Amino acid sequence: WKEDRVIRMEFIVFFSAFVALLLWPIIAFSARKEIKRLYDKVCCIFHLGTIEYVRWCIKFSFFKCEVGLYCFLFKKMRCQNVYVVNRMVCLPQIIAAHQCGLMVLEFQHGITMGVTTLYAGQYDAVADPDYFLVFSEFWRGNQFAIPQDRITNIGWAYKNIINKLPMKEVVHENTCLVISSPEISSKLVETVLLLAHEYSQFRFHIRCHPQESISINILKKIKRVSNVEIVDNNVDSFMALKRYLYVVGVNSSVLFEALSMGKIVARLNFNGFCPIPTHIEEDGFYYVSCLVDFQKFINSKNNGSPSGFYNDFNPNFINSIC
């Protein structure tokens, strides 16, 4: 989908690694004082060896090569702005863009309701984006480590694109899509098996996170239960959601996506699960705090009222800076 507009960038990574391995003594020489100062401080705690210092120099050289190649690319393409999704993954691109005098804008890419390792820290005008583009006003806050005047609400365009696709919507009746994630796999399957035993007339489709791997032992447990199965997670989450009416999970961003699409969504609040609160009294979610609560959830025929987690797309800001 949109494959004709995707350009693979592996060359920059491989070429940067090749150059860094060949020329790291020359490249790292420019920052030798800074690298040595950092190395000496870290050695007081971790007692690193000389090999670690060499690795640092090579990593620094690799990073400098990446930045240099992206600077060349941005100038060659005559870019005006650079859009990124994850600032840590796109750090070379951000540094290169700022060196070229370009504006960097980062899209919000998931639900963040508190301080995380990705966003924690003080704002750095060199390494952080110039603007952070959020799904709605609800997400305007300090959790992204961006000054408030640099956070802009542009809404959520992807839902509009999906809804315009000529795709037949197939709703799995008496079926619930369960959203999993790596840190809760075992506990979630255990909870789903409890629900499947209690509500044998209902089917449960477990959708794993792309970075999640289900163990063989867990898969064996699932295969022994007829109304539970693992579904294909290669299908885009929004496209998958179109086929279901009921969606269940704990803290996944997909739950908020489902709510924005008018699905009936529940968050598990028992058997060791404790959803991160939205601090909204009527946030649109059902909270399943025991097995009995699930019956109330599946008996409901009306979805909750979405609480503005995803606004409609507003292109005005992006158009104004192009």
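## A walk around the helices

Start by selecting α3 and α4: α3 passes α4 in a right-handed crossing. A crossing is right-handed if the near helix is turned clockwise from the far one by less than a right angle, and left-handed if it is turned anticlockwise. You're looking at a predicted model, where local features need pLDDT of at least 70, side-chain atom pairs count only at pLDDT 80 or more, and totals for chains, interfaces and linings use all residues. Residues are numbered from 1 along each chain as its sequence is written, and side-chain values use heavy atoms, with hydrogens and water left out. Helices (H or I, at least four residues) and strands (E, at least two) are DSSP runs, numbered from the N terminus.

**Stop 1: α3 and α4**

Stay with this pair and colour residues 91-99, which form α4. The axes of α3 and α4 come within 8 Å and cross at roughly 55°. Axes here are lines fitted to C-alpha atoms, for helices over the stretch in contact, and the angles run from 0 to 180 degrees between N-to-C directions. That angle makes the two helices oblique to each other; under 35 degrees would count as roughly parallel, over 145 as roughly antiparallel, 65 to 115 as roughly perpendicular, and the rest is oblique.

Now show side chains. From α3, pick F63, E66, V67, Y70, C71 and F74; they meet L91, P92, Q93, I95, A96, A97 and Q99 of α4. Contact means heavy atoms within 4.5 Å. Sorted by class, this contact has ten nonpolar, two polar and one charged residues. Ala, Val, Leu, Ile, Met, Phe, Trp, Tyr, Cys and Pro count as nonpolar, Asp, Glu, Lys and Arg as charged, and the others, Gly among them, as polar.

**Stop 2: α1 and α3**

Next, select residues 10-29 (α1) along with 50-77 (α3). At what angle do α1 and α3 pack? About 125°, with their axes 7 Å apart. That makes α1 oblique to α3, and their crossing is right-handed. On the α1 side, the residues making the contact include F15, L21 and W24, and on the α3 side they include C57, I58 and L73. The residues of this contact divide into 19 nonpolar, two polar and two charged.

Zoom in on W24, which lies in α1. Is W24 buried or partly exposed? At a relative accessible area of 24%, W24 is partly exposed; buried means under 20%, exposed over 50%, and partly exposed is in between (1.4 Å probe, protein chains only). Setting aside neighbours within four places in sequence, W24 is in contact with V19, F29, V54, C57, I58 and S61. For a sense of scale, try a distance line from W24 to V85: they are 61 residues apart in sequence and 29 Å apart in space, C-alpha to C-alpha.

**Stop 3: α2 and α3**

Add α2, residues 32-46. Its packing angle with α3 is about 140°, and the axes are 11 Å apart. This pair is therefore oblique too, and the crossing is right-handed. Look for R32, I35, K36, L38, Y39 and V42 of α2 against T50, Y53, W56, C57 and F60 of α3.

**Stop 4: helix α9**

Jump to residues 253-260, helix α9. Seven of its eight residues are buried, so α9 is largely enclosed by the rest of the structure. The buried ones are V254, L255, F256, E257, A258, L259 and S260. Turn on α5 (157-164) and β9 (264-268), which are among the elements covering them.

At the start of α9, a side-chain oxygen of S252 reaches to within 3.1 Å of the backbone nitrogen of V254. Just after α9, click on G262, which takes a positive phi of about 85°.

**Stop 5: two loop residues**

Select Q108, in the loop between β2 (103-107) and β3. Q108 is buried, at 3% relative accessible area. A polar atom of its side chain lies 3.0 Å from the backbone nitrogen of F135. Apart from neighbours within four places in sequence, the contacts of Q108 are F132, L133, V134, F135, W139 and F144.

Finish at S136, in the loop between β3 (131-134) and β4 (151-153). At 0% relative accessibility, S136 counts as buried. Which backbone oxygen does the side chain of S136 reach? That of G308, at 2.6 Å. Beyond neighbours within four places in sequence, S136 is in contact with N153, G308, F309, Y310 and N311.

Note on methods
A polar contact is a pair of N or O atoms within 3.5 Å; within protein, one must be able to donate a hydrogen and the other to accept it, and residues adjacent in sequence count only if both atoms are side-chain atoms.
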